[in-house]
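Student: Please choose one part of this model and examine it closely, together with its surroundings. I should like a single connected account rather than a list of separate values.

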Amino acid sequence: MTIDLLEHERIDELQRNGYRIIQNEKKFCFGMDAVLLSGFARARKQEQVLDLGTGTGIIPILMEAKTEGEHFSALEIQEDMAQMARRSVMLNGLQEKITVVTGDLKEASKIFGRASFDVVTCNPPYMNQNHGLKNPDEPKAIARHELLCTFEDVAREAAALLKSGGRFYLVHRPHRLTELFQTMRAFRLEPKRMKFVHPFQDQEANMVLIEAFRGGKPQMRVEAPVIVYESPGVYTREIYEIYGY
């Protein structure tokens, strides 16, 4: 299928099922955190999945390739980003599998209905509003800073959207881990599985992947960490496998 590209847009290969994605280098391009989350999250046959704040649509596109989920919905507040994600869905012929909706994450449970999903994923903004903020109007700032939603908004809506026993997957920064756990538990999202991501084996973690269950019982499993680089500029075998090389 031929898709018209707008100024500064490009098409990138995803190394999965021949899928490709449209990105705009002047706005926002997905990072390793989204790819790692798509490999950490699980969706089984007949399960309905929602990605909150989908941006380019990278997480539902990769999860459609990697999992057996039945249908993937995606919510994005920025109309131009949502339209770009829709064109990527069309580019890959996935219109029957992925639906991109324009809307506010804070209203997600009203848009889709409560207890509508088996799985909710989110790669939320990592930084508080005042942390290194330069231009609050830029798409990159919206993706990285809690300008349009807080983590409390994310947890509240994820809990409302999930069926009992449903699963919430997110990637975030370790320095906010205590806050993340407290907030999730306040909305009956029980953290059950966690994996840290380290740039090098001898460096501290700079990302954390978390799986939480709606209404789950307290018990946490910490999995072996992901090490990104075995030497400067050289990915580990696990990273190559996650990317599909």
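Tutor: A polar contact is a pair of N or O atoms within 3.5 Å; within protein, one of the two must be able to donate a hydrogen and the other to accept it, and residues adjacent in sequence count only if both atoms belong to side chains. The model is a predicted one, and the part chosen here is strand β7, beginning with Arg-167, which lies in that strand.

The side chain of Arg-167 makes such a polar contact with the side chain of Glu-47, at 2.8 Å. Is Arg-167 buried or exposed? Its relative accessible area is 3%, and the limit for a buried residue is under 20%, so Arg-167 is classed as buried.

The surroundings of Arg-167 can be read from its contacts, with residues up to four places away in sequence left out. Arg-167 touches Arg-42, Ala-43, Arg-44 and Glu-47, and also Asp-118, Val-119 and Val-120. Its further contacts are Leu-162, Glu-211, Ala-212 and Phe-213. Several of these partners can be placed in named elements. Strand β6 comprises residues 117–122 and includes Asp-118, while β9 spans 207–214.

Asp-118 leads to a second link with strand β7. Lys-163 forms a salt bridge with Asp-118, and the closest N and O atoms are 3.4 Å apart. This pair joins distant parts of the chain, since Lys-163 is in strand β7 and Asp-118 is in strand β6, 45 residues apart. The two ends of the bridge fall into separate accessibility classes: Lys-163 is partly exposed at 32%, whereas Asp-118 is buried at 15%. Asp-118 is therefore under the 20% limit, while Lys-163 lies between 20% and 50%.

Glu-211, another contact of Arg-167, leads further still. Glu-211 belongs to a network of salt bridges with Arg-193, Lys-195, Arg-221 and Glu-223. For the model as a whole, the count comes to 18 salt bridges. One of them lies between Asp-80 and Lys-27, at 2.6 Å from N to O. That pair also links distant parts of the chain: Asp-80 is in helix α3 (residues 79–91) and Lys-27 is in the loop between β2 and α1, 53 residues apart. Asp-80 is partly exposed at 35%, and Lys-27 is partly exposed at 26%.

Strand β7 also takes part in covering a helix. The buried residues of helix α7 (residues 177–186) are covered by elements that include α6 (151–161), β7 (162–172), β8 (189–198) and β9 (207–214). Which residues of α7 are buried? They are Leu-177, Leu-180, Thr-183 and Met-184. Seen down the axis of α7, these buried residues fall within an arc of 130 degrees, so they line one face of the helix. An α-helix has 3.6 residues a turn, so residues three or four places apart point the same way. On the other side of α7, Thr-178, Gln-182 and Ala-186 are exposed. After the helix comes Arg-188, whose phi is positive, near 60 degrees.

Returning to strand β6, one finds an aromatic neighbour of Asp-118. Phe-117 is buried, at 5% relative accessibility, and its ring pairs with that of Phe-112. The ring centres of Phe-112 and Phe-117 are 5.5 Å apart and the planes stand at 75 degrees; the angle is over 60 degrees, so the pair is edge-to-face. It belongs to a count of six aromatic pairs. Elsewhere, Phe-200, Tyr-229, Tyr-235, Tyr-240 and Tyr-243 form one aromatic cluster.

Phe-112 is found in helix α4 (residues 108–112) and is partly exposed, with a relative accessible area of 21%. Apart from neighbours within four places in sequence, its contacts are Leu-50, Ser-73, Leu-75, Val-101, Phe-117 and Leu-161. Of these, Ser-73 is 39 residues away in sequence, yet the C-alpha atoms of Phe-112 and Ser-73 are 9.5 Å apart in space.

In summary, two side-chain links have been traced from strand β7: the polar contact of the buried Arg-167 with Glu-47, and the salt bridge of Lys-163 with Asp-118. Strand β7 is also among the elements that cover the buried residues of α7.

Conventions: Residues numbered from 1 in each chain as written. Predicted model: local features only at pLDDT ≥ 70, side-chain atom pairs only at ≥ 80, totals over all residues. Heavy atoms only, no water. Helix = DSSP H or I, 4+ residues; strand = E, 2+ residues; numbered from the N terminus. Buried < 20%, exposed > 50% of the residue type's maximum accessible area, 1.4 Å probe, protein only. Contact = heavy atoms within 4.5 Å. Arc of directions from axis to C-beta. Salt bridge = Lys/Arg side-chain N within 4 Å of Asp/Glu carboxyl O. Phe/Tyr/Trp six-rings, centres within 6.5 Å; stacked < 30°, edge-to-face > 60°.
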